[in-house]
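Reader: Before I rely on any of the terms used for this protein, I would like to see the grounds for each of them. Could we go through them one at a time?

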Amino acid sequence: MSSLQIDETRMPQDGRFRTIIDEKPIDFRVSTFPTNYGEKIAIRVLDPTVGLLGIHQLGLSEFESKKVNEALARPYGMILVSGPTGSGKTTTLYALLQKLNKDATNVVTLEDPVEYTLEGINQSQVLPEINYTFARGLRHIVRQDPDIIMVGEIRDSETAELTIHSALTGHLVLSTIHTNNAVGVVPRLIDMGIQKFLIPSTLNMVISQRLVRKLCPLCKKQREANIEEAQVIDDALKLIPQEASEDLNIKKPYVIYDAVGCDSCNNQGYKGRVGLFEVLKMSRELEDIIVSTTSEAQLQAEAQKQGLITLRQDAIMKVLKGLTSIGEAMSET
């Protein structure tokens, strides 16, 4: 079904197929991996009606959404989404693309693979086996007169360099990169051979993210936080900007929720997932640190001084809103 070579069990393979379930087309991405005892297979299920979200559905707070929308309004520069594999980076990229997708805008993407088809966007799938890589595709994309370029992932120095130069030459570029947090993107780009002085002039914003399970709304149970949990919440709330904490309506003792389990959530206590976000916006102060030292600790301190909400802080805010449990928040951040 996935058009894989059935007789080839020594090499990893990737494929995909589509089928109709409950009158909806569902895509399945299949990955095989050889092990000592045979092939291991992972299947990723892609439902376009669920996976294609708007920015307001991702889990960004109003405070963070405002910063993201300001970055999307700029005509050029680079917006990077970072996080580990399976943290929802592609879903976030598609949400940003849908916001930017207008009739008068030429949007071109390079993806591996094309996960969802978006009407009005020129989507292209790279094929490394025939030497059609992200880097090669980027060289040709600029001849297509694009306004916005989306590159699935910055994996190597050549792709990083071409992405930076595309942002320098008047294009808005969206891509993903693997780092643990938002400020970690800067040293990662430098490790890839990007010159320090190019980063502040091209990097508009970094969105770092994780996914946590959402509590089932039908069976979650309310309780007061204990002493240890209250201390964790206090530590997280200390540096949250006033503007971001206004909609929380925080009162002591803290009220949090536990997972219980019911028929609706298959007795898991959780149903669905929600994103945790760290949104780093470039500023003159961060530019000075990048050009002079690139110390990750200094970048983090300055970013928080300017109102960065860390992944841990965003997780605690979602705990207080009853979206997830404190155990989930602690395990993912």
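Author: Let us begin with I43, which lies in strand 3, residues 38–46; please keep in mind throughout that the model is predicted.

Reader: What makes I43 exposed or buried?

Author: The relative accessible area of I43 is 51%, and the term exposed is kept for values over 50%, so I43 counts as exposed. I43 also belongs, with I41 and V45, to a nonpolar patch on the surface, and the accessible area of these residues together is about 290 Å².

Reader: How do you know that E115 and R29 form a salt bridge?

Author: The closest N and O atoms of E115 and R29 are 2.2 Å apart, and the rule asks for a side-chain nitrogen of Lys or Arg within 4 Å of a carboxyl oxygen of Asp or Glu, so the pair of E115 and R29 qualifies as a salt bridge. E115 sits in the loop between strand 5 (107–111) and strand 6 (122–125), whereas R29 is in strand 2 (residues 24–35), so the contact ties together parts that are 86 residues apart in sequence. E115 has a relative accessible area of 8%, and because buried means under 20%, E115 is called buried.

Reader: Why are D258 and R223 called partly exposed, and what joins their side chains?

Author: D258 has 26% relative accessibility and R223 has 27%; the class in between runs from the 20% limit of buried to the 50% limit of exposed, so D258 and R223 both count as partly exposed. Their side chains meet in a salt bridge, with 2.4 Å from N to O. D258 belongs to strand 11 (residues 255–258) and R223 to strand 10 (residues 221–224), so this pair ties together parts that are 35 residues apart in sequence.

Reader: Which helices are linked by the salt bridge of E158 and R139?

Author: The side chains of E158 and R139 meet at 2.3 Å, N to O, and they link helix 5 (residues 157–168), where E158 lies, to helix 4 (residues 134–141), where R139 lies, 19 residues apart. By the rule used here the count of salt bridges comes to 17, and R16, R18 and D27 are linked in a network of such bridges.

Reader: What makes strand 8 enclosed?

Author: Six of the six residues of strand 8 are buried, so the strand is largely enclosed by the rest of the structure. L172, L174 and T176 point one way while V173, S175 and I177 point the other way, and all are buried.

Reader: How do you know which strands pair with strand 8?

Author: Pairing requires at least two bridges. Strand 7 (residues 148–151) is joined to strand 8 (residues 172–177) by four bridges and runs parallel to it, and strand 4 (residues 77–82) pairs with strand 8 over six bridges, also in the parallel sense, so both pairs satisfy the criterion. Among the facing residues, V151 stands opposite S175, M150 opposite L174 and S82 opposite I177.

Reader: What makes strand 6 and strand 12 edges of the sheet?

Author: Seven strands form an open sheet of mixed pairing in the order 6-5-7-8-4-9-12. Strand 6 and strand 12 (270–281) each have a single partner strand, so one side of each is left without a neighbour in the sheet.

Reader: What is noteworthy about the backbone at P113 and at E23?

Author: Most residues other than glycine have a negative phi, and most peptide bonds are trans. A cis peptide bond, with omega about -5 degrees, joins D112 and P113, and P113 lies in the loop between strand 5 and strand 6. Phi of E23 is near 65 degrees, which is positive in a residue other than glycine; E23 lies in the loop between strand 1 (13–21) and strand 2.

Reader: Why is the whole chain called as compact as a globular protein of its length?

Author: The radius of gyration is 21 Å, close to the 20 Å that the globule rule gives for 333 residues, so the chain is as compact as a globular protein of that length. The protein chain has 13 helices and twelve strands, and 49% of its 333 residues count as buried.

Notes:
Residues numbered from 1 in each chain as written. Predicted model: local features only at pLDDT ≥ 70, side-chain atom pairs only at ≥ 80, totals over all residues. Heavy atoms only, no water. Helix = DSSP H or I, 4+ residues; strand = E, 2+ residues; numbered from the N terminus. Buried < 20%, exposed > 50% of the residue type's maximum accessible area, 1.4 Å probe, protein only. Patch = residues over 30% accessible without salt bridge, like charges linked within 9 Å, V, L, I, M, F, W, Y side chains within 5 Å. Areas by Shrake-Rupley, 256 points an atom, 1.4 Å probe, with all protein chains shown as cover. Rg over C-alpha atoms; globule rule 2.2 N^0.38 Å.
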